[in-house]
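Me: Could you take a close look at one part of this model for me? I'd like to go through the surroundings of the first ligand, piece by piece.

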Amino acid sequence: MSQQQERYDYLRKRAEEKFEIVQEFQRKGLVCLDGDFVPSVHYPPITQYPPVTQEFILGDYTVPQDGKIDIYVHIPFCERRCLFCHYPGKLGSQTEEKNKYLSYLEREIDLYLDVLGISKIKPRSILLGGGTPTYLTPKQLEYFLKFLTDRIDMSSCAQFNVDLDPNSIMDEDGMERMRIMKAYGVDRLTVGVQSLNDEVLKCMNRGHDAKRAIQALERSMDMGYQVNAEFIYGHPGQTFENWVDVVDQAVQLPAHELQFYRLKVQAYGDLQGAIINNRRNSDAIPIPDFKETMMMKQASYDILEENGFHENLRRVFSRQRKIFSHYAYNQCCNLFDQIGFGITAFSSYRDRFALNTQSFEEYYDKIDRGLLPVNRGYKRDTEQQARWAIVLPMKNRDVRKADYKRVTGLDFDKVFIKKTERLKRNGLLTDDGKTVSLTPVGKFLADEVVEQYNANEFQPFPRSNYAEGELNPYLDNTTEDAIGDAE
Ligand SMILES: C[S@@+](CC[C@H](N)C(=O)[O-])C[C@H]1O[C@@H](n2cnc3c(N)ncnc32)[C@H](O)[C@@H]1O
Ligand code: SF4
């Protein structure tokens, strides 16, 4: 037997053992019966926010005492549409549309400054995402970064990240974009590598092959950026073996961080991407099943561990502990305020969320009328605060009891007593008195564990999709179970 075959067999055996554990948790009601999942990126999930007015969300909002608010800006343009992607956006060069969008973005930021009564925003970190911010022309990118940074006090900004696809930083224009981003203080790049298998990349409808993705990473490293490379597993065209090959190469890449997403087939936002056809249409390349996908996940954990990587934030791995996304850490672990500009952008303010419109027309129309483009949102009461302040930090790192008290005013030991005890008893959580953390198995099933703390109306799936075992998320989940006499 070849050495490579022995390696596949070794990793497959470990992954099969892990899948047996996952099945045990399926029988207990933790993991849903068909194995589907919803990533807990916000709580409550954004699709469930009702329509709101600007007055409702921001009427009584005040900027935090230290004046700091992190910034997200959404640039909804891409070269082409990837098979797996659910994000709305316009495709192709769209030069005029991009110019128009940028001029409205500038006006949106000014409207916000007016509403908040400040002259500049003071972020701890900035994230530019999309879409593909670097799909702007170099001239547009410079115009955008200039008007954005003119309205920002950068003195407390510890990280400025841009999400991009490899093609947009190659060739001469790409080089020019890299220089412009550096000049405006960008210091971290999140590069969508997605796979290092050319057949899979083709199936994803990516515009680059593995070689070009690696060149993009090399260029990013050479120019002194902190580099995060993103991958997807469970995608059509992938097998356990070809995924192992990809992860084996990924750990050798010129990158500081590796981020692994499990393919989400059913959209968790409003727009459903084309990938759903691979589930519905028997002629399409099949999507790996639940077992194969979980086994791919376990193989990545094993290979990353063999190579000295730590999971600094959930699903993001680095050899150095101090390297991670400040934006994600601030929003999801520290629960700091954050403001989002651009269509679909999301803002998180202390006890409420706001979501900008998904429609270009509504976006332009509202700004023309001097209104913020917010159209949905949610204000959390004490119970929902108690849930939110567990779901996000636990999913991404851990719950520090002192922070929980600071944010919610509640004592962690007095909330969700039955649920937390059960999760500990089942080996999914540990508690050292000050901090509650996921165990290794808990980390593997992080979304499912934290969704135990979702209110029943915000569970990702109906009760009938879970076994009626002791970890069914609907159990012991009333307001009384949640906050009881903690108030
Ligand atoms: C909003 S995308 C932007 C990245 C950039 N435009 C690119 O394509 O390289 C951020 C990342 O989310 C991940 N992603 C997007 N759609 C996904 C899906 N349906 N399931 C899992 N991960 C997904 C991809 O790894 C992607 O790089
Ligand atoms: S994955 Fe990135 S490049 Fe592909 S369609 Fe989505 S946002 Fe655009």
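Reply: Sure. Of the 17 residues around ligand 1, the ones that come nearest are Phe84, Gln194, Arg206, Glu230 and Lys264. Keep in mind that this is a predicted model.

Let's start with the polar atoms. A nitrogen atom of ligand 1 sits 2.7 Å from a polar backbone atom of Phe84, so here you want to look at the main chain of Phe84, not its ring. His86 comes in with its side chain instead: an N or O atom there is 3.5 Å from a nitrogen atom of ligand 1. Over at Leu164 it's the backbone again, with a polar atom 3.2 Å from an oxygen atom of ligand 1.

How much of ligand 1 does the protein bury? On its own, ligand 1 exposes 560 Å², and the protein buries 93% of that. If you want to trace the shell through the fold, go to β6 (188-194), β7 (226-233) and β8 (257-262), the elements that each give two or more residues to it. As for its make-up, the shell around ligand 1 has six nonpolar, six polar and five charged residues.

While you're there, have a look at ligand 2 too. Phe84 and Arg206, both among the residues that come nearest to ligand 1, also turn up around ligand 2. The rest of the ligand 2 surroundings are Cys78, Arg80, Arg81, Cys82, Cys85, Gly131 and Thr132. Sorted by class, that shell has four nonpolar, two polar and three charged residues.

Terms used. Residues numbered from 1 in each chain as written. Chains lettered and ligands numbered in written order. Predicted model: local features only at pLDDT ≥ 70, side-chain atom pairs only at ≥ 80, totals over all residues. Heavy atoms only, no water. Near = heavy atom within 4 Å. Nonpolar A, V, L, I, M, F, W, Y, C, P; charged D, E, K, R; others polar. Polar contact = N/O pair within 3.5 Å; in protein donor to acceptor, adjacent residues only side chain to side chain. Areas by Shrake-Rupley, 256 points an atom, 1.4 Å probe, with all protein chains shown as cover. Helix = DSSP H or I, 4+ residues; strand = E, 2+ residues; numbered from the N terminus.
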